[in-house]
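Me: I am new to this structure and would like to learn how to read it. Could you walk me through it step by step?

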Amino acid sequence: MALKVLVLRKRIEPLQAELDQLRTAAADFEAREAELEQSINEAATDEEREVAETLVSEFEQTRETNASEQTRISGEIAELERQIAEIEAAGKAARSAEPGADVKKRSDSVANISTNTRAMRALGETPEQRTALVTREDVKEFLTRVRGFRRAASSVTGAELGVPDILMGVLRDGVDRYSKLIRFVTLRPISGKGRQNVAGAIPEGIWTEAVGAVNELTITFTQVELDEYKVGGYVSVPNSSLEDDSDLQLLATIIDYLGQAIGLALDKAIVYGTGTKMPVGFVTRLAADSQPAWWGKNQGAFTNLSTTNILTLDLAASTGKEFFSPLLAALGTAKPNYATGAPVWVMNRKTHMDLICRCLEFNSSAALMSGVSNVMPVIGGEIVELEFMADNDIAGGYLTLEVIAERSGAKIAYSDIPMFLDDCTVFKGTQRYDGKPVRGEAFVLLNYANTAPTKTVTFATDAAN
């Protein structure tokens, strides 16, 4: 029963995080509404009024989506908490009915582990959850094999270590935490070659006489094909961790290392993936000025977005309204058709701080105020900091239209030979993904300092191949 509760609580965590984000975004709606009202009142030309109307429409859609998503998620959390309460009540009744039943105590070494580190949280939010995890028979067998690896000095080629099913979710949780973008994209767990169907533009209905014949409408479907590519690498774990640390510290070390490596590489691929032995990033889609090799045969007609959705703005000397009005209008190039949820804007920390500095204000008490936190003003959308982005570059749009296929079968393999003299054991972690943007029109890339936006970045070299 404890495992069932653990599974349900792990399902609640991402829902609660998503709900908190929605509530944070909703807290800014009143201020954004006031800003829009001011923009409407100040609009003097047809162009300014058109921009204001577009911003109002997008704001209303964002607010309605936020409210409906809050209602849906709150309902799901309430249902999961109800199931947990039923399971815990049944478990308590069963334990009280067993003569001499007792709860297994954790060892002193486990009790002394801090629950505040991010790696430990990967194994469960409470001591009871973590204890339940490492006392499972399949997990204990996993730990025994890990410790045996270092002692098997005769093993030169290494051997695969199958992670028990209960740990598959934990390893994935680590990737979620280190990948900042995976929670925004559409994630499809699939096996084999996957295909994502995409409906074309909605056809316009045709007016005719009340007794006239009905005209035929055409609905076109296209299809994005997704294959598989491997991401990962190996890390060295000090043998002292394998000998002296507790089981929880051992698991946390391995998961922490692998989660960081895979998560960081995945974020980079979602934005700038080349499509060659990795997913296609949405910036790569925008930069293609002719049909690329990774364009599928059933993906529909290719459209060149390299000039319409990649923009260079000359706003370096502007602040306040003079800066944000053209910037937000340019970001509005990203079309929300087919998307669910608010947009997401990617930039490095320096650019994020620059946006904050450009809209500093003083309130009635002469206290310094800023209109930018982690949400883009007026049009909304969470700001995500990724350090591989170039200064003054902003990329993003509706990331639900970036489809990422995730394969099953995360693996850990070992060898104690490569770093024998360093007294370390090497662990290899891999995961398989593919992905593509299904609608390039949903994204935009710009630079606001009159510099051409960065269309490509360098990935870690595949030296082994």
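**Reading the model together**

Reply: Let us start with one residue: E50 is found in helix α3, which spans residues 46-97. Helices (H or I, at least four residues) and strands (E, at least two) are DSSP runs, numbered from the N terminus. This is a predicted model, so local features need pLDDT of at least 70 and side-chain atom pairs count only at pLDDT 80 or more, while totals for chains, interfaces and linings use all residues. Residues are numbered from 1 along each chain as its sequence is written, and side-chain values use heavy atoms, with hydrogens and water left out.

Me: Is E50 buried or exposed?

Reply: The general idea is a scale of relative accessible area: buried means under 20%, exposed over 50%, and partly exposed in between (1.4 Å probe, protein chains only). E50 has 53% relative accessibility, so it counts as exposed.

Me: Which residues gather with E50 in a patch of negative charge?

Reply: Patches are made of residues with over 30% relative accessible area and no salt bridge; like charges are joined within 9 Å, and nonpolar side chains (Val, Leu, Ile, Met, Phe, Trp, Tyr) within 5 Å. Lys and Arg count as positive and Asp and Glu as negative, while His and the chain ends are not counted. The place of a charge is taken as NZ of Lys, CZ of Arg, CG of Asp or CD of Glu. Here E47, E48 and E53 join E50 in a negative patch on the surface.

Me: How many salt bridges are there?

Reply: A salt bridge is a side-chain nitrogen of Lys or Arg within 4 Å of a carboxyl oxygen of Asp or Glu. By this rule there are 13 salt bridges. One of them joins E33 and R63, whose closest N and O atoms are 3.2 Å apart. This pair links distant parts of the chain, 30 residues apart, with E33 in helix α2 (residues 29-42) and R63 in helix α3. E33 is partly exposed at 37% relative accessible area, and R63 is also partly exposed, at 25%.

Me: What does the salt bridge between K321 and E42 tie together?

Reply: The side chains of K321 and E42 meet at 2.8 Å, N to O. K321 lies in helix α12 (residues 320-331) and E42 in helix α2, so the pair ties together parts that are 279 residues apart in sequence. K321 counts as exposed at 52% relative accessibility, whereas E42 counts as partly exposed at 36%.

Me: How many residues apart are E76 and R72 in helix α3?

Reply: They are 4 residues apart, which means that about one helical turn separates E76 from R72. Their side chains form a salt bridge of 2.7 Å, N to O. E76 is partly exposed at 31% relative accessibility, and R72 is partly exposed at 34%. Salt bridges can also share partners, and in this way E33, E60 and R63 are joined into one network.

Me: Which side chain of opposite charge is nearest to E58?

Reply: It is R32, 8.1 Å away; E58 is buried yet has no salt bridge. E58 has its place in helix α3. Contact means heavy atoms within 4.5 Å. Leaving aside neighbours within four places in sequence, E58 is in contact with G332 and I379.

Me: What should I know about phi angles?

Reply: Most residues other than glycine have a negative phi. N392, which is not a glycine, has a positive phi of about 70°. N392 lies in the loop between β10 (382-385) and β11 (393-397), and is partly exposed with a relative accessible area of 22%. N450 is another residue other than glycine with a positive phi, near 60°. N450 is found in the segment after β15 (443-447) and counts as partly exposed at 49% relative accessibility.

Me: And how do I read the chain as a whole?

Reply: The chain has 13 helices and 15 strands. Buried residues make up 43% of its 465 residues. Among contacts with a separation of 6 or more, 78% come from residues 24 or more positions apart. Accessible areas come from the Shrake-Rupley method with a 1.4 Å probe, and for residues only the protein chains shown count as cover. The accessible surface of the chain comes to about 24700 Å², of which 52% belongs to carbon and sulfur atoms.
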